[in-house]
Amino acid sequence: MSTARSELPIETTATRLDDVEKRLGADRSKGLDSEDALRRLENGRNELPSPPTPTWWRRVLHQLREPMSMLLVAAALISAGPLAEPGDALAIAVIVILNIAVAVVQEEKAATALEALRSAAAPTASVVRDGRSIVIPAPEVVPGDLVLLAAGDLVAADLWLVDTWSLEANESLLTGESLPVAKHHQEEADMTLPLADRTWMVYAGTQVTAGSGRGLVLATGGSTEVGKVAGHLGTKPTVTPLQKQLGKLSARLGQAAVAIAVVVFLLILFRFGNGPGAVEEAFLAAVALAVAAVPEGLPAVVTLSLALGVRRMARVGAIVRNLPAVETLGSTTVLLTDKTGTLTQNRMRFESVISYGEDPAAPDRMSGPIGEAVFRVVALCSDAAVDPPLGDPIEIALLGPYQPSAVHRIRLSHPRVGSRPFDSTRKLMSTIHEYSPGFQLLTKGAPEQVLVRCTHSLTADGTVSALTDPGRAAVLTEVESLAAAGGRILAL
């Protein structure tokens with residue numbers, strides 16, 4: 001959508017939030033009033049434009065235009081007409097109808113599944129209207145709205161943050177960066193910077209992983225950054241490699257059939273003369289050979305193979321809209337990809353615990369003092385929720401081996417009374433909890449930052465040993481080797 005209120009001077013190198021607020025006719029403290037929001041909603045809803053769904057008869061016509069289908073239809077018409085073979089014509093027609101039916105049914109199933117996913121994924125947004133916070137469907141968010149953000153929220157539109165409290169967002173959808181990005185408020189910003197460097201903004205489709213904040217809506221729907229990406233994708237249908245090959249095969253078969261028919265027609269006339277009866281016999285023989293050259297079973301085999309492929313893809317949660325598309329990856333010769341979320345699942349797993357002077361052990365197999373200490377730190381020194389898992393991906397991974405009920409119990413038994421969130425300078429997160437008697441300070445973070453603050457280390461038998469400089473160096477050497485193997489290491 002494009003309205004006078006939502007167009008921002010982003011072509012300038014510097015933009016002030018006050019100017020943006022005036023341009024939007026917004027109020028960063030009170031939000032919009034309901035009547036103004038309804039008027040703005042008339043300019044367009046906050047949703048990406050969806051391509052029109054073709055009707056069933058258009059899908060049938062599309063399948064009939066396939067070269068192989070056209071060749072079979074021609075063969076059926078010739079069999080029913082000049083050759084007077086209704087049985088052959090019926091058999092060919094049944095094959096064509098079945099092929100088209102399978103393809104149309106698959107497209108209809110895919111369209112239904114995609115629409116169901118779209119409906120299920122429709123999020124809500126918390127906005128300030130008439131000076132109070134309300135929850136509305138995300139499509140009703142308008143430019144100028146004041147949106148409230150909390151950990152776990154899906155961002156409904158592109159926002160300029162006006163307040164933040166340890167806010168972090170997962171922007172891998174747009175930037176490919178797998179780690180959450182720390183966000184903060186800025187009164188003046190350079191809007192020519194790349195998306196990944198705009199730490200004062202959050203974008204539609206991304207997720208808040210930690211903290212909270214508030215932001216003014218700058219863009220909605222197709223005007224958002226993710227909407228611009230969707231606009232570049234286009235909806236023009238493309239021809240898959242299989243369709244190209246079948247088209248070439250159909251053309252060659254048609255040309256070969258015509259050539260054979262002409263040669264046979266001429267040979268028969270040359271051998272048996274050119275009387276009225278001979279011409280008719282020669283024509284029918286030539287046409288019969290041409291029809292016989294058409295492989296009626298090929299489309300059925302191809303359709304069945306593709307349908308089986310679509311079924312296998314559906315089992316792993318992949319929706320294929322068109323049957324020939326399932327073959328496209330098999331024809332790929334070069335694949336360019338970023339690993340996060342593509343070759344990997346953008347998830348981490350708590351692999352092992354290495355205690356001072358001990359061999360690595362799986363977290364779910366640890367017991368004794370070290371196992372208890374590890375569980376205490378990862379459960380309490382964490383802002384992640386466990387059921388459902390929401391928050392920082394590293395904290396979610398650390399809680400993975402433990403039962404949600406156990407995490408809830410220890411959090412209730414030892415409530416947090418103070419905390420200092422992780423920041424890029426300190427590289428540590430610390431929390432203070434009630435313990436009888438007194439309190440405990442729990443910390444997790446970068447090993448090199450934790451080690452310089454440590455004087456002792458807990459051992460497997462529950463005793464505490466002094467941590468020497470050679471001991472610290474040995475730990476850092478082990479950390480470097482694990483990091484070189486692709487691990488992400490935290491010290492507790």
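These legends go with close-up views of a predicted model.

**View 1. Two tryptophans meet: Trp-160 and Trp-200**

Two aromatic pairs turn up in this model, and one of them joins Trp-160 with Trp-200 in a tilted arrangement. The ring centres sit 6.3 Å from each other, with 50 degrees between the planes. Trp-160 belongs to strand S5 (residues 158-170), whereas Trp-200 comes from the loop between strand S7 (188-189) and strand S8 (201-202). Those parts are 40 residues apart in sequence, so the pair ties them together. How buried are the two side chains? Trp-160 has a relative accessible area of 0%, so it counts as buried, and Trp-200, at 2%, is buried as well.

**View 2. A tilted pair of Phe-375 and Tyr-402**

Here the ring centres of Phe-375 and Tyr-402 are 4.8 Å apart. Why is this pair called tilted? The planes meet at 50 degrees, and the tilted class takes in what is neither under 30 degrees (stacked) nor over 60 (edge-to-face). Phe-375 is part of helix H11 (residues 368-380), while Tyr-402 sits in the loop between helix H12 (393-399) and helix H13 (404-413). With 27 residues separating the partners, the pair links distant parts of the chain. Relative accessible area comes to 16% for Phe-375, which is buried, and to 15% for Tyr-402, also buried.

**View 3. A salt-bridge network around Arg-16, Asp-18, Glu-21 and Arg-28**

Side chains of opposite charge can pair when their charged atoms come close. The structure has 16 salt bridges, and this view looks at a network that links Arg-16, Asp-18, Glu-21, Arg-28, Glu-187 and Glu-188. One of its bridges joins Asp-18 to Arg-16, with 3.7 Å between the closest N and O atoms. What about solvent at that spot? Asp-18 has a relative accessible area of 31%, making it partly exposed, and Arg-16 is partly exposed too, at 34%. Glu-21 and Arg-28 also meet in a salt bridge, this one at 3.1 Å from N to O. Unlike the partly exposed Asp-18, both Glu-21 and Arg-28 are buried.

**View 4. A salt bridge within helix H2: Arg-40 and Asp-36**

Arg-40 and Asp-36 form a salt bridge whose closest N and O atoms are 3.2 Å apart. How far along the helix do the partners sit from one another? They are 4 residues apart in H2 (residues 34-41), so about one helical turn separates them. Both Arg-40 and Asp-36 are buried.

**View 5. The buried face of helix H1**

Which residues of H1 (residues 17-24) are buried? They are Leu-17, Val-20, Glu-21 and Leu-24. Looking down the axis of H1, these buried residues fall within an arc of 100 degrees, so they line one face of the helix. Their cover includes strand S1 (15-16), H2, S5 and strand S9 (207-219). Glu-21, on the buried list here, is the residue that bridges to Arg-28 in View 3. Just past the helix, Gly-25 adopts a positive phi of about 65 degrees.

**View 6. Pro-421 in the loop after strand S12**

Pro-421 sits in the loop between strand S12 (416-420) and strand S13 (428-434). Its relative accessible area is 35%, so Pro-421 counts as partly exposed. What does Pro-421 touch, leaving aside neighbours within four places in sequence? Its contacts are Ser-166, Leu-428 and Met-429. Pro-421 and Trp-165 are 256 residues apart in sequence, yet their C-alpha atoms are 9.8 Å apart in space.

**View 7. An open antiparallel sheet with helix H11 across it**

Three strands make up this open sheet, in the order S12-S13-S14 with antiparallel pairing. S12 and strand S14 (439-445) are the edge strands, each pairing on one side only. From one strand to the next, the twist averages 15 degrees. How many bridges hold S13 against S14? There are 7, in the antiparallel sense, and across in S14, Phe-439 is the bridge partner of Glu-434. H11 lies across S12, S13 and S14, and runs at about 80 degrees to S14. This is the helix that carries Phe-375, the residue shown in View 2.

Definitions and conventions:
Residues are numbered from 1 along each chain as its sequence is written. This is a predicted model: local features need pLDDT of at least 70, side-chain atom pairs count only at pLDDT 80 or more; totals for chains, interfaces and linings use all residues. Side-chain values use heavy atoms; hydrogens and water are left out. Rings of Phe, Tyr and Trp (its six-membered ring) pair if their centres lie within 6.5 Å; planes under 30 degrees apart count as stacked, over 60 as edge-to-face and the rest as tilted. Buried means under 20% relative accessible area, exposed over 50%, partly exposed in between (1.4 Å probe, protein chains only). A salt bridge is a side-chain nitrogen of Lys or Arg within 4 Å of a carboxyl oxygen of Asp or Glu. The arc is that of the directions from the helix axis to the C-beta atoms. Contact means heavy atoms within 4.5 Å. Two strands pair if DSSP finds at least two bridges between them. Axes are lines fitted to C-alpha atoms, for helices over the stretch in contact, and angles run from 0 to 180 degrees between N-to-C directions.
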